[in-house]
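I sat down with this one over coffee and kept short notes as I went. Here is what I looked up, in the order I looked.

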Amino acid sequence: MSATSPASTANPSWLDLVRRKVEGLHYGQVFIVVHDHQVTQVECLERTRLSPARPASSREDRSE
């Protein structure tokens with residue numbers, strides 16, 4: 001097996017897909033699944049961060 005195969009010299013379509021997934025994420029992960037030396041799947045897990053419903057100081061005021 002040579003160090004430079006045709007797949008490694010060309011820009012494969014999965015690489016463009018991974019770039020688009022990463023560019024679209026604010027918080028999350030992109031997984032690349034490889035089977036038999038080939039990328040077979042690209043998974044994206046995006047997290048949505050929520051801000052607190054109300055400041056901590058207003059919760060303390062209610063408890064009194």
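**Entry 1: the surface patch.** I began with the nonpolar side chains on the outside of this predicted model. Trp14, Ile32 and Val34 form a nonpolar patch on the surface. I noted about 270 Å² of accessible area for the three together.

I then asked myself whether Val34 is buried or exposed. Val34 has a relative accessible area of 54%, and exposed means over 50%, so Val34 counts as exposed. I placed Val34 in strand β1.

**Entry 2: the strands.** Next I followed β1 to its neighbor. Strand β1 covers residues 28–35 and strand β2 covers residues 38–46. I found the two running antiparallel, joined by 8 bridges.

Which residues face each other across the pair? Ile32, which I had already met in the patch, stands opposite Val42 in β2. For Val33, I wrote down Gln41 in β2 as the bridge partner. A general reminder I put in the margin: side chains in a regular strand alternate between the two faces of the sheet.

I also checked the turn. The hairpin of β1 and β2 has 2 residues between the strands, and there Asp36 takes a positive phi near 55°.

**Entry 3: the salt bridge.** How many salt bridges does the structure hold? I counted 1. The partners are Asp16 and Arg19, whose side chains meet at 3.5 Å, N to O.

I wanted to know why these two can reach each other. In general, side chains of opposite charge can pair when their charged atoms come close. Asp16 and Arg19 are 3 residues apart in helix α2 (residues 13–23), so about one helical turn separates them. I looked up their exposure too: Asp16 is partly exposed at 30% relative accessible area, and Arg19 is partly exposed at 43%.

**Entry 4: the whole chain.** Last, I stepped back. I listed 3 helices and 2 strands in the protein chain, and reading along the sequence gave me the pattern α-α-β-β-α.

Of the 64 residues in the chain, buried ones make up 5%. The chain exposes about 5,900 Å², and carbon and sulfur atoms supply 51% of that area. I also looked at contacts with a separation of 6 or more: residues 24 or more positions apart account for 7% of them.

**Note to self.** When I reopen the model, I will start again from Trp14, Ile32 and Val34 in their patch, then go to Asp16 and Arg19 in their salt bridge.

Definitions and conventions. Residues are numbered from 1 along each chain as its sequence is written. This is a predicted model: local features need pLDDT of at least 70, side-chain atom pairs count only at pLDDT 80 or more; totals for chains, interfaces and linings use all residues. Side-chain values use heavy atoms; hydrogens and water are left out. Two strands pair if DSSP finds at least two bridges between them. Helices (H or I, at least four residues) and strands (E, at least two) are DSSP runs, numbered from the N terminus. Buried means under 20% relative accessible area, exposed over 50%, partly exposed in between (1.4 Å probe, protein chains only). Contact means heavy atoms within 4.5 Å. Accessible areas come from the Shrake-Rupley method with a 1.4 Å probe; for residues, only the protein chains shown count as cover. Patches are made of residues with over 30% relative accessible area and no salt bridge: like charges are joined within 9 Å, nonpolar side chains (Val, Leu, Ile, Met, Phe, Trp, Tyr) within 5 Å. A salt bridge is a side-chain nitrogen of Lys or Arg within 4 Å of a carboxyl oxygen of Asp or Glu.
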